[in-house]
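Colleague: I am new to reading protein models, and I would like to learn how the words are chosen. Could you show me one and let me ask about it?

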Amino acid sequence: MIRPLRPPSEFRGVFRDDLPARAVYAEAAGIARATPIAIAVPVDAADVIALARWSHDTGTPLIPRGSGSSMSGGAVGAGVTVDLSSLNALGPIADGHILVGPGAIRSRVDAAAARGGLRFPVDPSSGAFCTIGGMTATNAAGAHSLLHGSMRPWVTALDCVFADGRREVIRRGVPHQWSETERLAVRKNSSGYYLGGDLVDLLVGSEGTLAFFVGIELALDARPVSTTSISAAFSTLEGAVAGATVAREAGAAACELLEKTFLDFAQADFPADTEAVLLIDFEDSRSGLDLPEAGRIDIAREPKAQRALWELRHAASPILRQLDPGLKSMQFIEDGCVPPGRLAEYVRGVRAALDEQRVRGVIFGHAGDAHVHINPLIDVRDGFWRDRVAALLADVAALTARLGGTLTGEHGDGRLRTPLLDTVWHQRETLARFAEVKRAFDPDHRLNPGVKVPLPGQQPLGDIKYDPALPPPPPAAARVLARVERERAYATPRLTLLAETS
């Protein structure tokens, strides 16, 4: 008989190891399924400290998790999943900063900032339900990161619980002992450990492998007085890439790419020869833009008209969810970022890789940063579908490396891309330094093992949640997982959803 797993005696939160609870945490927004051995929901930092000490003493791996909106498999794993969503406090705004818990939802932080006439400018498309802890862990970004940057520069202090249970607040200016050996020539990067700044910079983007974050201090920004939105259609991909360069150099806050595959699925009303559309935002007085290669340009200066233009950015998702049930939109080559001058070559290379595997796909992303999202549509009724997924992943990883890019601009390595780090980081010393960082913070590999530093024999693709050959989860858990996928119900903790469903 297997004994039930017991939490530390001083732990006061929820701890469950029943199969329905474990099953609802076996999946996140990405393709992976990995069933944890138990779920812990701490009520405060003291609970996190108790879990860390217990893990240190017992050798039990801990998998930090926010809302589970992550794509790359960093929030699912074979350990105790630590759901930090209850640590969601919002502190007062002081001197343009706010201290929040890791479970604070990004949209609520921005709303709190707005009440003080400010904003939090990092705006991922998942902002309505992703947590600040998850954003910090992956060095997340969003459409307006073209002007405002990713998470890293906006984090000014981190309240950390380390692998041995020690708690310490790390503020800006504290150095670390490692230096960079290699830097990728891209505008956004969430791959590996960032060694080019101070200790806060290193911790941001570390994906729960070096410490738990129990408090995060953020810098806030002034809200723009006015904005201008532009939609520009191009008959060639090269013309759109040139337009993105013009927009970036003119100071655009955002410049999004909607490639022909996206426009076809969104059933967008553009000229028949349109190969790509750019959606561009300018803030305040920055609004001058000359796009001679654009065939059609629409300009919106009022909020209602701007929302109408930007609705196109999200138009494909509902259609993708209504496709033939055998077709699954899978995110496993969804986060590549290349040097801006190689963007057209990258998109054409991705198209060729999709065609080679006879797979349709949807291509869109952040043109100003040369950062592209791809959703291949995989027919899981095809007996060779896993072979197609593996071949696509290998081909696009090789393409990205050949162009000098990164496999992750904002979503993180997770367990999906960690085994592929040696594809894009070409110097052996770089990977050795990543391993050295991990050993220094977590020598026993108890914090999110298999992320950032691969485990022996680790492969990118494990169980895929869309695989019809996998055993189904318990009925109540299956209903929760279906609801999350259908309604994007990530902001509600999974155990709450399970209680509502049971």
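Modeller: Gladly! Two strands count as paired if DSSP finds at least two bridges between them. Keep in mind that this is a predicted model.

Colleague: How do you know that β8 and β9 pair?

Modeller: The cut-off is at least two bridges, and β8 and β9 have 5 bridges in the antiparallel sense. One opposite pair is Ala157 and Arg171 in β9. The two strands form a hairpin with 5 residues between them. In that turn, Gly165 has a positive phi of about 90°.

Colleague: And what makes β8 and β10 partners?

Modeller: Again we need at least two bridges. Strand β8 (residues 155-161) and strand β10 (residues 212-219) share 6 bridges, in the antiparallel sense. You can look for Val161, whose bridge partner in β10 is Phe212, and for Cys160, which stands opposite Phe213 in β10.

Colleague: Why is β8 called largely enclosed?

Modeller: A residue is buried if its relative accessible area is under 20%. In β8, 7 of the 7 residues are buried, so the strand is largely enclosed by the rest of the structure.

Colleague: Which strands make up the whole sheet, and what makes two of them edge strands?

Modeller: It is an open sheet of 5 strands in the order β5-β6-β10-β8-β9, with antiparallel pairing. The edge strands are β5 (90-94) and β9 (167-171), as each pairs on one side only. Neighbouring strands here are turned by 15° against each other on average, direction ignored. Helix α3 (residues 106-115) packs on this sheet, touching β5, β6 (97-100) and β10. The direction of α3 makes about 35° with that of β5.

Colleague: Let us turn to the helices. Why is α11 called roughly antiparallel to α12?

Modeller: Helix α11 (residues 343-356) and α12 pack at an angle of about 160°, with their axes 10 Å apart. Angles over 145 degrees count as roughly antiparallel, so that is the word for α11 and α12. The crossing is right-handed. Among the residues that make the contact are Tyr346 and Val350 of α11 and Leu392 and Val396 of α12.

Colleague: What makes α7 oblique to α11?

Modeller: The axes of helix α7 (residues 237-249) and α11 cross at roughly 140° and come within 9 Å. Roughly antiparallel would need an angle over 145 degrees, and roughly perpendicular runs from 65 to 115. The angle fits neither class, so α7 is oblique to α11. Here too the crossing is right-handed. The contact is made by Leu237, Glu238 and Val241 of α7 and Leu343, Ala344, Val347 and Arg348 of α11.

Colleague: One last residue, please. Is Thr408 buried or exposed, and how do you know?

Modeller: Thr408 has a relative accessible area of 0%. Buried means under 20%, so Thr408 is buried. You will find Thr408 in the loop between α12 (385-402) and α13 (414-417).

Colleague: What makes the pair of Thr408 and Asp335 a polar contact?

Modeller: The N or O atoms must lie within 3.5 Å, and the side chains of Thr408 and Asp335 are 2.6 Å apart in their polar contact. A polar atom of the Thr408 side chain also lies 3.3 Å from the backbone nitrogen of His411. Leaving out residues up to four places away in sequence, Thr408 touches Asn189, Ser190, Ser191, Asp335, Asp413 and Arg417.

Conventions
Residues are numbered from 1 along each chain as its sequence is written. This is a predicted model: local features need pLDDT of at least 70, side-chain atom pairs count only at pLDDT 80 or more; totals for chains, interfaces and linings use all residues. Side-chain values use heavy atoms; hydrogens and water are left out. Helices (H or I, at least four residues) and strands (E, at least two) are DSSP runs, numbered from the N terminus. Axes are lines fitted to C-alpha atoms, for helices over the stretch in contact, and angles run from 0 to 180 degrees between N-to-C directions. Contact means heavy atoms within 4.5 Å. Buried means under 20% relative accessible area, exposed over 50%, partly exposed in between (1.4 Å probe, protein chains only). A polar contact is a pair of N or O atoms within 3.5 Å; within protein, one must be able to donate a hydrogen and the other to accept it, and residues adjacent in sequence count only if both atoms are side-chain atoms. Angles under 35 degrees count as roughly parallel, over 145 as roughly antiparallel, 65 to 115 as roughly perpendicular and the rest as oblique. A crossing is left-handed if the near helix is turned anticlockwise from the far one by less than a right angle, and right-handed if clockwise.
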